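Q: Please take a close look at the salt bridges of this protein, and explain for a first-year student which side chains pair up and where in the chain the partners lie.

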Amino acid sequence: MKKSFLYKNTTLELVLGDITEQQVDVIVNAAKPSLMGGGGVDGAIHQKGGPEILEECREIVAQQGECNVSEAVITSAGNLPAKHVIHTVGPVWKGSNYGENVALERCYTNSLALAQEHGASSIAFPAISTGSYGFPLDRAAYIALRAAMLFKDELKGHIDLVRYVVFSEQDFEVFAPIFEEVTMTMSGSLDS
Ligand code: AR6
């Protein structure tokens, strides 16, 4: 299951899949402030990527302390096909009045900026905060798409693939109509 759309020379993609299997320059991890691994995406990345990633996370925390919400840091990708993992800490959903929307958008923007700084041309995101952290997926989908488009508008740069990876058919069914709605207002759709 896949949808794609060309936005200002950047392909935006929605795919059903596993973030750990993505063959892109950067995959993004939905981490916790301690960067010490956990469940969900975080667990899968550390489990399949091997101990090297956790070791680098440890060094980052030793140098700068735990990560704040929306912050993004980068490590290598260990045994994964990607070149780097960007670890970002999403907001815990508390009902939208605690700055969660802006915080989630910053996760995407900070990750895109860091990927660009490291010369990446492709990046894959999971649906940050929509698992254990409880953020509604429909709202998160708008934020994720908007963040990439605004980033492209403002910074241009060399990232030419932004892929959103959802982990279940049910999540794809939620994200897909939003992907269509947001991209329908633009021109240049590739396929669906
Ligand atoms: N590939 C792609 N998406 C996945 C995968 C995968 N392998 N595994 C799960 N998802 P979550 P959060 C989806 O809970 O809400 C961790 O314990 C999942 O279905 O991984 O940001 C951390 O250590 C959901 O849609 O991240 C933190 O403590 C989405 O990824 C906390 O959870 C995000 O779910 C972070 O919570």
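**The salt bridges and their surroundings**

A: A good place to begin is D18, which in this predicted model is a buried residue with a relative accessible area of 15%; the cut-off that matters here is 20%, because a residue counts as buried when its relative accessible area is under that value. D18 forms a salt bridge with K48, and the closest N and O atoms of the pair are 3.0 Å apart. Since D18 lies in the loop between β2 (10–16) and β3 (26–31) while K48 belongs to helix α1 (residues 40–49), the pair ties together parts that are 30 residues apart in sequence. K48, for its part, is partly exposed, with a relative accessible area of 41%, whereas D18, as said, is buried.

The loop between β2 and β3 also holds D25, the partner in another pair. Here the side chains of K83 and D25 meet in a salt bridge, with 2.9 Å from N to O. This pair, too, links distant parts of the chain, for K83 sits in the loop between β4 (72–76) and β5 (84–89), and the two residues are 58 residues apart. With a relative accessible area of 12%, D25 is buried, while K83 is exposed, its relative accessible area being 54%.

A pair within one helix comes next. E55 forms a salt bridge with R58, and their closest N and O atoms are 3.5 Å apart. Both E55 and R58 lie in helix α2 (residues 51–64), where they are three residues apart, which is about one turn of the helix. E55 is partly exposed, with a relative accessible area of 39%, and R58 is partly exposed as well, with a relative accessible area of 41%. Elsewhere, K2, E13 and R163 are joined into one network by salt bridges that share partners. The count of salt bridges in the protein comes to eight.

These pairs can be set against the charges of the whole protein, which has 14 positive and 24 negative side chains. The centres of these two sets of charges lie 4 Å apart.

It also helps to see the fold in which the pairs are placed. The protein has five helices and eight strands, and along the sequence they follow the pattern β-β-β-α-α-β-β-α-β-α-β-α-β. The radius of gyration is 15 Å, close to the 16 Å that the globule rule gives for 192 residues, so the protein is as compact as a globular protein of that length. Along its principal axes, the C-alpha trace spans about 45 × 35 × 30 Å. Buried residues make up 50% of the 192 residues, and the protein exposes about 8,900 Å², of which carbon and sulfur atoms supply 49%. Among contacts between residues at least 6 apart in sequence, 70% join residues at least 24 apart.

Two other loops deserve a glance for their backbone angles. K8, in the loop between β1 (2–7) and β2, has a phi near 50°, a positive value in a residue other than glycine. S70, found in the loop between α2 and β4, likewise has a positive phi, near 80°, and is not a glycine. At 7% relative accessibility, S70 counts as buried.

Definitions and conventions:
Residues are numbered from 1 along each chain as its sequence is written. Side-chain values use heavy atoms; hydrogens and water are left out. Helices (H or I, at least four residues) and strands (E, at least two) are DSSP runs, numbered from the N terminus. The radius of gyration is taken over C-alpha atoms; the globule rule is 2.2 Å times the number of residues to the power 0.38. Buried means under 20% relative accessible area, exposed over 50%, partly exposed in between (1.4 Å probe, protein chains only). Contact means heavy atoms within 4.5 Å. Accessible areas come from the Shrake-Rupley method with a 1.4 Å probe; for residues, only the protein chains shown count as cover. Lys and Arg count as positive and Asp and Glu as negative; His and the chain ends are not counted. The place of a charge is taken as NZ of Lys, CZ of Arg, CG of Asp or CD of Glu. A salt bridge is a side-chain nitrogen of Lys or Arg within 4 Å of a carboxyl oxygen of Asp or Glu.
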